[in-house]
Amino acid sequence: MKILTHKNYNEMCRAAADIILNQIKLKPDSLICLTSGDTPAGIYKLLVEDAQQGKVDFSACYFVGLDEWVGMDKNDTGSCTNFLYETFFTPARIDPSRMMIFDAKAANLDASCAAMDNFIKEKGPLAIMLVGIGMNGHIGLNEPGADFNSYAHHSALAPVTIEVGQKYFTHQTQLTEGITLGLKHLQEAKIPMLLASGIKKANIIKLALQGEVTNQVPASIFQTLSSAYVMLDEDAASLLVH
Ligand code: PGA
């Protein structure tokens, strides 16, 4: 993995957006996995501006959404899919035929996972897989204990994820299960990209990047990914030992 530390959040976002732009220039029909959360919001704002200014054309790209809270869809304010529509898909005018989003309301969630895995097999490999890091080291909704060899799956949420996840909603929301791309997808992506900003992520970044590689800290898998980028701001990187 290549760790790139930027002076602040805005510079981190610009650098991450530039890697995405570069990939699309090389391969206009790239398959890109987008994550939701506070961390990537600035990147999507830049990508939308870049598209409006004609610096990039997303029309040939394919997109997948990294994860979703089971039981929610794009109409649920605060859901992962709602966030991706609001911050990127709608302002960047991405055609729905070019994206694959988990059906997290399906009675058969295994079928939703299979549909996602098939889309990635068909349009892939993933050129860029953008992920954030949870306070417990989760990647997407691959919680501590997740199998490094998993593709799309659904599983129970960790208590800390249920607690921290409340920040995306305006009122107390019941969260129990998540549906997510797997850590095997991350290993098969051409460029896996981990984003973290702010002092609150410093401890988990230190543990994930300089601690033991273990599925108890899913983000520690980045230590094994030679083509990965870890994009940090100075606060998130502040506990790393050089
Ligand atoms: P955040 O979420 O960007 O809102 O901190 C990160 C994550 O849980 O993946």
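Start with Val64, Leu181 and Phe222 in this predicted model: they have the most contacts inside the largest nonpolar core, a set of 42 residues. To see where that core comes from, colour β2 (31-34), β3 (62-65), α4 (109-123), β6 (126-131), α6 (183-188), β9 (191-196), α7 (202-210) and β10 (229-233), each of which supplies at least two of its residues. Helix α4 gives the largest share, 5 residues. Then select Met12, Ala15, Ile24 and Ile43, which are included in a second, separate core of 34 residues.

**Helix α4 and methionine 116**

Stay with α4 and pick methionine 116, which is in this helix. Is methionine 116 buried or exposed? Its relative accessibility is 0%, so it counts as buried. Show what surrounds it: beyond its neighbours within four places in sequence, methionine 116 is in contact with Val64, Gly65, Met100, Ile101, Phe102, Ala152 and Leu181. Two of these, Val64 and Leu181, were picked at the start of the tour as residues with the most contacts inside the largest core. Now add tyrosine 151, which is 35 residues from methionine 116 along the chain; the two C-alpha atoms are 9.2 Å apart.

Move on from α4 to the loop between α4 and β6, where proline 125 is found. The peptide bond between glycine 124 and proline 125 is cis, with omega at about 5°. For background, most peptide bonds are trans.

**Helix α1**

Next select residues 9-26, helix α1. How far apart are its end C-alpha atoms? They are 26 Å apart, and this agrees with the 26 Å that 18 residues should span at 1.5 Å a residue. Just at the start of the helix, look at asparagine 8: one of its side-chain oxygens comes within 3.2 Å of the backbone nitrogen of asparagine 10.

Now show the buried side of the selection. Met12, Cys13, Ala15, Ala16, Ala17, Ile19, Ile20, Leu21, Gln23 and Ile24 are buried in α1. Turn on β1 (2-6), β2, α2, β6, β9 and β10 to see what these buried residues pack against.

**Helices α2 and α3**

Keep α2 (residues 41-52) on screen and add α3 (residues 80-89). Two packed helices are described by the angle between their axes and the distance between the axes. Here the axes come within 9 Å and cross at roughly 35°. Which residues meet? From α2 select Ala41, Tyr44, Leu47 and Val48; from α3 select Phe83, Leu84, Thr87 and Phe88. Sorted by class, this contact has 7 nonpolar residues, 1 polar residue and no charged ones.

Helix α3 is largely enclosed by the rest of the structure, because 8 of its 10 residues are buried. The buried ones are Cys80, Thr81, Asn82, Phe83, Leu84, Tyr85, Phe88 and Phe89. Their cover includes β2, α2, β3, β4 (67-69) and β5 (99-100).

Follow the chain into the loop between α3 and β5 and stop at arginine 93. Arginine 93 is exposed, with 76% relative accessibility. Its phi is positive, about 55°, although it is not a glycine. Most residues other than glycine have a negative phi.

**Three stops in loops**

Go to serine 150, in the loop between β6 and β7 (153-156). Serine 150 has a relative accessible area of 12%, so it is buried. A polar atom of its side chain is 2.8 Å from the backbone oxygen of aspartate 147. Leaving out residues up to four places away in sequence, serine 150 touches Asn142, Gly182, Leu183, Lys184 and His185.

Select glutamine 166 next, in the loop between α5 (159-164) and β8 (177-180). This residue is buried too, at 15% relative accessible area. What does its side chain reach at 2.8 Å? It reaches the backbone oxygen of threonine 173. Beyond four places in sequence, glutamine 166 is in contact with His171, Gln172, Thr173 and Leu175.

End at glutamine 216, in the loop between α7 and β10. At 48% relative accessibility, glutamine 216 counts as partly exposed. Apart from its neighbours within four places in sequence, Asn136, Pro144 and Gly145 are in contact with glutamine 216. As a last pair, show glutamine 216 with histidine 138: they are 78 residues apart in sequence, and C-alpha to C-alpha 8.9 Å apart in space.

Terms used: Residues are numbered from 1 along each chain as its sequence is written. This is a predicted model: local features need pLDDT of at least 70, side-chain atom pairs count only at pLDDT 80 or more; totals for chains, interfaces and linings use all residues. Side-chain values use heavy atoms; hydrogens and water are left out. A nonpolar core is a set of buried Ala, Val, Leu, Ile, Met, Phe, Trp, Tyr and Cys residues joined through side-chain atoms within 4.5 Å. Buried means under 20% relative accessible area, exposed over 50%, partly exposed in between (1.4 Å probe, protein chains only). Helices (H or I, at least four residues) and strands (E, at least two) are DSSP runs, numbered from the N terminus. Axes are lines fitted to C-alpha atoms, for helices over the stretch in contact, and angles run from 0 to 180 degrees between N-to-C directions. Contact means heavy atoms within 4.5 Å. Ala, Val, Leu, Ile, Met, Phe, Trp, Tyr, Cys and Pro count as nonpolar, Asp, Glu, Lys and Arg as charged, and the others, Gly among them, as polar. A polar contact is a pair of N or O atoms within 3.5 Å; within protein, one must be able to donate a hydrogen and the other to accept it, and residues adjacent in sequence count only if both atoms are side-chain atoms. The expected span of a helix is 1.5 Å times one less than its number of residues.
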